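Here are my notes on the two-chain model you sent round. Have it open while you read, as the points follow the elements one by one.

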Amino acid sequence: MSQEPATPQALIIKLLERGVDKCAQRLGRLSYSTWNVDTVSLSSGASAAPGDLMGASNEKHFGTFLGIPGGGFLVIFPEKSGFLVTNRFTLSGADPVDALPNRESTVLAEVSNIIINALTDVLAEACGKTLMLSAPEPIQGPKKEILQSALGRFSQAGKLAWICYVRLKTPTFSSHCDLVAFLDSELFRLLSGGQGPAVPEG
Amino acid sequence: MPLRIMVVDDSPVSRILITEMVREAGHQVVAEADSLKGALEAYQANKPDVVTLDLALANEDGRAILTALRNLDRQARVVVISGNSQSKVIDEITAAGAAGYLIKPFDQDDLLRALSRFSTG
């Protein structure tokens, strides 16, 4: 029996799964806990509706946007999870960090930068390019508004092709976070045509 | 012998954590900077034993800061600290004269190990 060739979408999902596994490992290391990948899904950018992806809750969340050429990423923590991750990450420097304005947003921007770099490393290897993340931009508010804000960057340029939604969970302190990857058609094409070897974690 | 260290990072959180980790081990942070201009001025004013440098600052590329520091002082010892573990980037940074490369997240032991080769006592 011949095997059906993998679709570009299946290749991208596989690549993203490999990347978000590394994100979960980094999040675990920096929060002294275990994080698992709970959900990975891919949808067409044209049909993306923030309410469908993120629900309609008005609960406050901490979001961080990071861009790359041809795409971008959102990391979103619910308020309580963000607070707990912040405390765990800053254990060694708790007092000076407490004095920072917007403590959680500032800390979670750095946390997001660290974990998304693990995903970017996998994508860079796959497409044979160097990918440098832009500086993290904190966005606070209901999850739907955070996503809307990120989507606006792409829909204005009419470039968004695919959105990948990922949920990470930790049983260690009952928390979760959402990762959203935005890919334009050119980046999607590059990634789906260039599966490479895994990047060794340093 | 305690090291005199300069920390270049646009994240106040990273600057605080690095500073706390090295101070606990008896080293001294003599300057902090979050930009190319600030890094060059602080380096000339303080002549640190070693610089820790973030790779991606808000408005500047850490690679440019590494090059500028090395142009200012060929003996400058710069340890790049970044979440980026792309092999091409690490190769490029090493070729540009970085004395070390530490991948985030790291703990105090990792940081002190990266700095230990510069201790003279």
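**Notes on the model**

1. Starting with chain A: α1(A) lies across β1, β5 and β6 (175–184) of chain A and runs at about 145° to β1(A). Touching, here and below, means contact, with C-beta atoms placed from the backbone and lying within 7 Å. Helices (H or I, at least four residues) and strands (E, at least two) are DSSP runs, numbered from the N terminus. Axes are lines fitted to C-alpha atoms, for helices over the stretch in contact, and angles run from 0 to 180 degrees between N-to-C directions.

2. Some housekeeping before going on. This is a predicted model, in which local features need pLDDT of at least 70 and side-chain atom pairs count only at pLDDT 80 or more, while totals for chains, interfaces and linings use all residues. Residues are numbered from 1 along each chain as its sequence is written, and chains are lettered from A and ligands numbered from 1 in the order in which they are written.

3. The sheet under that helix is an open one of 6 strands in chain A, ordered β1-β5-β6-β3-β2-β4, with antiparallel pairing. Pairing requires at least two bridges found by DSSP between the two strands. At the edges are β1 (36–44) and β4 (137–142) of chain A, each paired on one side only. From one strand to the next, the twist averages 20°.

4. Have a look at the β1(A) edge. β1(A) pairs with strand β5 (residues 160–170) of chain A in the antiparallel sense, over 8 bridges. Within that pair, L42(A) has C164(A) in β5(A) as its bridge partner. Another helix, α5(A), also packs on the sheet: α5(A) touches β2 (60–68), β3 (71–78) and β4 of chain A, and its direction makes about 45° with that of β2(A).

5. S81(A) deserves a glance. This serine sits in helix α3 (residues 79–89) of chain A. Is S81(A) buried or exposed? S81(A) is buried, because 23 other C-beta atoms lie within 10 Å; the cut-offs are 20 or more for buried, 12 or fewer for exposed, and partly exposed in between. Leaving aside neighbours within four places in sequence, S81(A) contacts S175(A), H176(A) and C177(A). The C-alpha atoms of S81(A) and S174(A) are separated by 8.0 Å, although the two are 93 residues apart along the chain.

6. Over to chain B, which has an open sheet of 5 strands in the order β2-β1-β3-β4-β5, with parallel pairing. Its edge strands are β2 and β5 (100–103) of chain B, each pairing on one side only. Strand β1 (residues 4–8) of chain B runs parallel to strand β2 (residues 28–33) of chain B, joined by 5 bridges, with R4(B) opposite Q28(B) in β2(B). At the other edge, 4 bridges join strand β4 (residues 78–82) of chain B to β5(B), and I81(B) has L102(B) as its bridge partner.

7. What about β3(B)? 5 of the 5 residues of β3(B) are buried, so this strand is largely enclosed by the rest of the structure. V50(B), T52(B) and D54(B) are on one side, with V51(B) and L53(B) on the other. β3(B) pairs in parallel with β1(B) over 4 bridges, where M6(B) partners V51(B). β3(B) also pairs in parallel with β4(B) over 4 bridges, and L53(B) stands opposite V80(B) there.

8. Helix α3 (residues 62–72) of chain B lies across β1, β3 and β4 of chain B, at about 160° to β3(B). β3(B), α3(B) and β4(B) form a right-handed β-α-β unit; right-handed means that, with the strands pointing away from the viewer, the path from the first strand over the helix to the second runs clockwise. β1(B), helix α1 (residues 12–24) of chain B and β2(B) make a right-handed β-α-β unit too.

9. Finally, how do the chains meet? 24 residues of chain A are in contact with 21 residues of chain B. On the chain A side, α1 (8–30), α4 (94–98) and α5 (103–127) each give two or more residues, and α5(A) gives the largest share, 8 residues.

Technical notes:
Two residues are in contact if their C-beta atoms, placed from the backbone, lie within 7 Å.
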